[in-house]
Amino acid sequence: MKIHEKYIRRCIEIGQKALGTAAPNPMVGSVITYQNKIIGEGYTSPYGGSHAEVNAINSVADKNILFKAHLYVTLEPCSHHGKTPPCADLIIKHRIKKVFIGIRDPHAKVAGAGIKKLREAGCEVVVGILEKECRNHHKRFLCYQEKKRPYIILKWAQSNDLFLAPSQEWRQNSPMPYWISNPLSRQRVHQWRSEEQSILAGTNTVILDNPHLNVRDWKGSSPLRIILDRTLKIPRNYNIFDKATSPSIILTENTNQELYNKGIEYVLIDFKKDLTKQLCDFLYKRHISSVLVEGGAHTLKRFIGDNLWDEARVFTGMSVFKNGLKAPKILNKAKTIETLGNDILEIYYND
């Protein structure tokens with residue numbers, strides 16, 4: 001089994017290359033071996049493109065030896081026609097005799113059907129190799145399929161004395177940006193943005209900071225911006241309305257379309273009802289499998305209070321504000337702690 005774990009681990013490693021491009025498809029990694037040597041590798045192409053198994057098979061120089069080869073993959077090969085033909089059919093076509101799978105695919109159109117098809121075609125299939133690691137690798141996809149909501153990542157930066165921002169009086173006396181985190185930490189945030197399908201921010205955060213909420217200090221695509229603006233208070237010339245960088249969707253209860261920015265999508269929700277659930281239902285229906293919640297305090301605290309989050313990524317900087325907007329609190333113990341310059345990054349999981 002150790003040799004199989006080695007190759008599944010390699011599948012996970014190369015599958016990471018699809019982070020930020022494959023969604024809403026899972027970021028699958030696949031490896032093909034012959035006589036205990038890797039002869040092909042592949043990972044999921046950007047959405048609409050080839051799946052990992054197809055790319056791995058296509059990378060093999062001599063297709064004539066595939067009938068003697070073994071295929072490894074982090075997730076059960078699909079068995080249905082979507083934007084691409086079934087991967088199971090291609091594996092059968094090339095008569096690959098052994099397939100080793102990390103985890104079953106819970107998608108309603110797969111759910112064991114890929115494994116069944118392979119076995120009925122005479123292929124030996126082994127399932128459940130590095131299952132825990134593969135589940136973690138596919139956490140966004142699995143959350144979307146199993147919990148019917150996006151994978152939710154909370155993110156904030158807090159001062160050394162645990163404030164998100166200085167007092168309003170301080171801001172008025174000295175109107176300037178108050179960076180809590182350092183450039184290294186801010187670059188990490190841009191990397192995270194490139195990895196997720198969407199980003200969420202509340203009204204006050206947007207009004208106070210006028211953020212772009214896009215990717216600038218990292219290579220990658222910007223996420224879909226989801227903005228909460230109950231009464232449409234955000235000025236219409238703010239950065240989130242810049243359609244050139246990334247699209248925005250404004251969630252509001254204001255039906256006055258004269259206040260709507262041209263080319264921006266507005267979606268009506270009921271702010272008096274369960275807001276976090278409405279958000280999750282909306283994103284699920286839009287096939288959004290992950291969201292990075294960047295604030296503000298009220299929005300973050302709602303997700304924490306409703307226990308509707310999967311990760312929290314918290315920067316603590318060197319600034320001391322003494323007074324201001326209190327940072328949210330996570331009762332869980334941090335799983336990882338990292339130093340970025342003079343900032344501390346703690347990552348929590350809602351296990």
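1. Let's start with strand 6, which covers residues 151-158 in this predicted model. How many of its residues are buried? The count is 8 of the 8, so strand 6 is largely enclosed by the rest of the structure.

2. It helps to look at strand 6 one face at a time. In a regular strand the side chains alternate between the two faces of the sheet. Here, Tyr151, Ile153, Lys155 and Ala157 are on one side, while Ile152, Leu154, Trp156 and Gln158 are on the other. Both faces are covered, and all of these residues are buried.

3. Which strands pair with strand 6? One partner is strand 12 (residues 290-293), joined in the parallel sense over 4 bridges. To find this pairing in your viewer, look for Ile152, which stands opposite Val291 of strand 12.

4. Another partner is strand 13 (residues 311-316), and this pairing is also parallel, with 6 bridges. A handy landmark is Leu154, whose bridge partner in strand 13 is Ala312.

5. Now for the charged side chains. Side chains of opposite charge can pair when their charged atoms come close. In this model the count of salt bridges comes to 18, and the next points visit some of them.

6. Where do Asp310 and Arg149 sit along the chain? Their side chains meet in a salt bridge, at 2.8 Å from N to O. Asp310 is in the loop between helix 11 (297-305) and strand 13, and Arg149 is in the loop between helix 6 and strand 6, so this pair links distant parts of the chain, 161 residues apart. Are these two residues buried or exposed? Asp310 has 8% relative accessibility and counts as buried because the cut-off is under 20%. Arg149, at 9%, is buried as well.

7. Lys98 and Glu124 also form a salt bridge, with their closest N and O atoms 3.9 Å apart. Since Lys98 belongs to strand 4 (residues 98-103) and Glu124 to strand 5 (residues 124-127), the pair ties together parts that are 26 residues apart in sequence. Lys98 is partly exposed at 26% relative accessible area, and Glu124 is partly exposed at 41%.

8. Next, take a look at Arg135 and Glu146, a salt bridge whose closest N and O atoms are 2.8 Å apart. Arg135 lies in helix 5 (residues 131-137) and Glu146 in helix 6 (residues 139-147), so the contact ties together parts 11 residues apart in sequence. Arg135 is partly exposed, at 36%, and Glu146 is partly exposed too, at 42%.

9. Finally, try finding Arg10, Glu13 and Glu41, which are linked in a network of salt bridges.

Methods
Residues numbered from 1 in each chain as written. Predicted model: local features only at pLDDT ≥ 70, side-chain atom pairs only at ≥ 80, totals over all residues. Heavy atoms only, no water. Buried < 20%, exposed > 50% of the residue type's maximum accessible area, 1.4 Å probe, protein only. Helix = DSSP H or I, 4+ residues; strand = E, 2+ residues; numbered from the N terminus. Pairing = 2+ DSSP bridges. Salt bridge = Lys/Arg side-chain N within 4 Å of Asp/Glu carboxyl O.
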